Amino acid sequence: MMQSGRDNHLMRSTIRDTLDVADAAYPRRRFLATSLSALTLAGLRPTPLLASAPLEAAAHASALRLISQPGRIFRTSLSGNEAVDSWACWVIVQADDDAAIEATGLTVELFNGTARVKSASYTAAGVRALAIKPPLTPRLPDGSLPARPIFWPLAIRIRQTEASPLAIDSMRVVLDLRSGKRTAQQVDVTLPIETYRQKSELLFPFRGKGIILQAGVTNGGHRNRSGQFALDAFGVDDSWSIIAAGDGKQNTDYRGWGREVLAPADGVIVRARSDRPDQPLPETSDPRYYAPEYPNGGDVGNIVTIDHGNGEFSMLAHFKAGSLRVKVGDRVRRGQPLGALGNSGDTSGPHVHYQLQTGPDWEYADALPVKFTNVDQQSLVRGTYFDAE
Ligand SMILES: [Zn+2]
């Protein structure tokens, strides 16, 4: 738990922005709003902390602020001989004008309660190396522009992996900033590092043997907002081979191709798309097969999203063309077949992409860590084989 003094600090400096952010191209210094109407548009209920955000913004109208995305940061843990906790987030500078901003230094401090157990400093060149295009689109979820402009001139990606015995429970980020219009200033934010308590009992989305080829928040997994904890699973045969026949140049060469993809838990289908073709060459993600709205990639292909009724939504992607057996509004049971494993969208081989998220639309939802009842959580790591019985 945090000490009360630091709780106050959190309330002052943590604006939990819940607006959209797909990985789409984000023109530098475009704007977003943090109004309550925007929260409503995003399908989210303002919590007391969220409700305080617009007031907070008004009270410090001329200040630069730091926010994190996601608003809540969840750790993932790997046990074993060397137990580690990992987390990642974007830290974003929020401003009320579009003046260019340069970061001249960064310090990341890690706490266990009130005890600071680590401090790491970065030079100006170091911060520049961490800076990324904010992973945001400047429009509200309905496509409109926000009423009050807010600028996000700078974002950095922070990834941490620390020994579990350190028991890190918060992270303070301090940025030294300089801009043409402003004198040098320092801004900071303290972010709790939390353990997510999953509500749904989830089955792995297919039965049988497979391999995880992409997963993990800090070891080369997915980077987009709702996909931070996502996994890509390929099917394998009894000798643990991905390719069952041929040379892997056709979808049918893949052992997982056409395997039933299952509802991980009970729920209601809230999104279903089934009009996308499969990529014909498994080792190539050909943009000609992307849907028009994803010209730069990131196309999820045919998808199903299930509302589990508890704030958790399962999103499953890349279904085989024409294989979907459900439609929006259908009620599904845990284990019910939804369709077949395929190769639609931006993908370079037949697999299922699975993620647990906070809302119906993957573009606007936050990511949630995921555990399954029939696969050891420690197996959900890049390059690891598993058997989902
Ligand atoms: Zn994926």
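# Reading a predicted protein model

The protein chain in this predicted model has four helices and 21 strands.

Q: Before I look at any detail, how confident is the predictor, going by the mean pLDDT of the chain?

A: The mean pLDDT is 81, and 80% of the residues reach 70 or more. Over residues 1-61, though, the pLDDT is below 50. That stretch still has 110 contacts in the model beyond near neighbours in sequence. Here's the general idea: where pLDDT is low, the predicted coordinates should not be read in detail.

Q: Okay, what share of the chain's residues count as buried?

A: Of the 389 residues, 42% count as buried. In soluble globular proteins, nonpolar side chains tend to be buried together. In this chain, the largest nonpolar core has 79 residues. Those with the most contacts inside the core are Val91, Val93, Val261, Val304, Leu316 and Leu338. Strand β4, residues 84-95, gives the largest share, eight residues.

Q: Why does this core lie between domain 1 and domain 2?

A: Both domain 1 (4-194) and domain 2 (208-388) give residues to the core, so it lies between them.

Q: Can we zoom in on one of those core residues? Which residues does Val304 touch, leaving out those up to four places away in sequence?

A: Val304 touches Ile269, Arg271, Ala272, Leu316, Leu324, Val326, Leu338 and Gly339. Over the chain, among contacts between residues at least 6 apart in sequence, 71% join residues at least 24 apart.

Q: Now try Phe319 in strand β16. Is Phe319 buried or exposed?

A: You count C-beta neighbours inside 10 Å, and 20 or more makes a residue buried. Phe319 has 30, so it counts as buried. Its contacts outside the four nearest places in sequence include Val261, Asn302, Leu324 and Gly339. Take Gly339: it is 20 residues from Phe319 in sequence, yet the two are 6.6 Å apart in space, C-alpha to C-alpha.

Q: Let's do sheets. What is the order of the strands in the five-strand open sheet?

A: The order is β2-β10-β9-β5-β6, and the pairing is mixed. At the edges are β2 (73-74) and β6 (115-122), each of which pairs on one side only. Inside the sheet's order, β9 (170-179) and β10 (185-194) pair in the antiparallel sense over eight bridges. Arg172 stands opposite Thr190 in β10.

Q: And how many bridges join β5 to β6?

A: Seven bridges join them, and the two strands run antiparallel. Leu106 stands opposite Tyr122 in β6. β6 is hardly covered: zero of its eight residues are buried. The hairpin of β5 and β6 has two residues between the strands, and Gly113 there takes a positive phi near 65°.

Q: Which residues that are not glycine have a positive phi?

A: Let's take two cases. Ala167 has a positive phi of about 50° and lies in the loop between β8 and β9. With 14 other C-beta atoms within 10 Å, Ala167 is partly exposed. Trp240 has a positive phi of about 65°, and its place is in the loop between β12 and β13. Trp240 has 12 other C-beta atoms within 10 Å, so it is exposed.

Q: One last backbone feature: where is Pro70, and what is the peptide bond from Gln69 to Pro70 like?

A: Pro70 lies in the loop between β1 (65-69) and β2. The peptide bond from Gln69 to Pro70 is cis, with omega near 5°.

Notes
Residues are numbered from 1 along each chain as its sequence is written. pLDDT is the predictor's confidence in each residue, from 0 to 100. Two residues are in contact if their C-beta atoms, placed from the backbone, lie within 7 Å. A nonpolar core is a set of buried Ala, Val, Leu, Ile, Met, Phe, Trp, Tyr and Cys residues joined through C-beta atoms within 7 Å. Domain bounds come from an automatic or database domain assignment. Two strands pair if DSSP finds at least two bridges between them.
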